[in-house]
Amino acid sequence: MTNRFGPRILLLGAGFCAAFSANAGFQVVALGVNGGVEEGNLTSYLIRSDSQPRYLALDAGSVLPGIEQALAKGSFPEVNAENSAPLTPQGAVFRNLISGYFISHAHLDHIAGLIIASPQDSRKPIYGSAETISALRQYVFNWKLWPNFTDAGSGQRLGTYRLNAPRPGQRFSLSSSGLDGVIYPLSHGGVTSSMLLISRENESFAFFGDTGADKQEKSRDLNAIWRVLADEIRQRRLKGIIIETSFVDETPDAQLFGHLTPALLLTELTQLEQYAGGAGSLKGLKVVISHIKPSLLAGVDPRAEIRRQLEQGDRLGVNFIFMQQGDSQHF
Ligand SMILES: [Zn+2]
Ligand SMILES: [Zn+2]
């Protein structure tokens, strides 16, 4: 938790305290950072405004294992065994500090943690595009793959989750996180994925679900998003971005399956730089790299290689950030 920006005030309502400040930003906790293969560390981030106690989950690939790691790393300093009772600290973060979920698309590495933990979750909303929400209703919470913990769809509705599909491009309120959001479509190898532009007062943050590059996807989705984010940058609102880089540069196009490499991300960010005012306009922009696909080959380290390729090719002055599971960072 940050206290660099002002006085700390105790918030007693939920049994937790929160840092309040006039000059707010966002706190991000990484619950899972990888794009597959091993089930304990899949894409999920928590974000909250400095002025609010509760987080919004951005995807939910690994939830409870990520909370456990984050507690061990001290990323939830306001939670302890005494104020969590009768829950465990892990249970208190899960049930009380996560106010809802934004799901970028319904691929398993973005929803597995939510599904498996759902029997013990508290009532909360799930936000996503119409495609994502419909996939959750039809294929997941249908009493065949899993009981229907939602308030819609087939069979008995257990009602833990309120499904919400706000219209793309339209601002909506993200429940008790105190954040607003706007969903933008992303092209992801034949699947509609999405970006969520989160905002609170004069600050914003962009979370990208899986996406390919416009050229490979024969799409204009990223181009449209760069125009929106360029405006945020010009107005000095954008505090940071989480975006994927799944594969190293050597990956052939035919094996990208709707994902980015360092070179493709840098090309896309160069487009953003142009829209945002030209050379130097992205200097210092915080870009969290997510969804790296781990390798099971001995001696191969895609994380180190992707980092090297991004830093070597970076003529934009962007600040690439590699969060590990359980890390907390201020934006
Ligand atoms: Zn994924
Ligand atoms: Zn995906």
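A contact here means that heavy atoms lie within 4.5 Å of each other. On that footing, among the contacts of the chain between residues at least 6 apart in sequence, 62% join residues at least 24 apart. The structure is a predicted model, and its chain has nine helices and 16 strands. The radius of gyration is 19 Å, close to the 20 Å that the globule rule gives for 331 residues, so the chain is as compact as a globular protein of that length.

**Overall dimensions and surface**

- Along its principal axes, the C-alpha trace of the chain spans about 50 × 50 × 45 Å.
- Of the 331 residues in the chain, 56% count as buried, while the area that the chain exposes comes to about 14000 Å², with carbon and sulfur atoms supplying 51% of it.
- The chain carries 30 positive and 31 negative charges, and the mean positions of these two sets are 6 Å apart.

**The surroundings of D121**

- D121 is placed in the loop between α4, which covers residues 112–117, and β7, which covers residues 124–127.
- Because its relative accessible area is 7%, and buried means under 20%, D121 is classed as buried.
- Leaving aside residues up to four places away in sequence, D121 touches F94, R95, Y101, L114, T160 and Y161.
- One of these residues, Y101, is also joined to D121 through a polar contact of 2.6 Å between the two side chains.
- I98 is 23 residues from D121 along the chain, and the C-alpha atoms of the two are separated by 9.7 Å.

**The loop position of T251**

- T251 belongs to the loop between β13 (238–244) and α8 (262–275).
- With a relative accessibility of 16%, T251 counts as buried, since the cut-off for that class is under 20%.
- The side chain of T251 reaches the backbone oxygen of V248 at a distance of 2.7 Å.

**The helical position of E131**

- E131 lies in helix α5, which comprises residues 130–140.
- The relative accessible area of E131 is 45%, so this residue is partly exposed, a class that falls between the buried limit of under 20% and the exposed limit of over 50%.
- Between E131 and I198, which are 67 residues apart along the chain, the C-alpha separation is 20 Å.

Methods
Residues numbered from 1 in each chain as written. Chains lettered and ligands numbered in written order. Predicted model: local features only at pLDDT ≥ 70, side-chain atom pairs only at ≥ 80, totals over all residues. Heavy atoms only, no water. Helix = DSSP H or I, 4+ residues; strand = E, 2+ residues; numbered from the N terminus. Rg over C-alpha atoms; globule rule 2.2 N^0.38 Å. Buried < 20%, exposed > 50% of the residue type's maximum accessible area, 1.4 Å probe, protein only. Areas by Shrake-Rupley, 256 points an atom, 1.4 Å probe, with all protein chains shown as cover. Lys, Arg positive; Asp, Glu negative; His and termini not counted. Charge placed at Lys NZ, Arg CZ, Asp CG, Glu CD. Polar contact = N/O pair within 3.5 Å; in protein donor to acceptor, adjacent residues only side chain to side chain.
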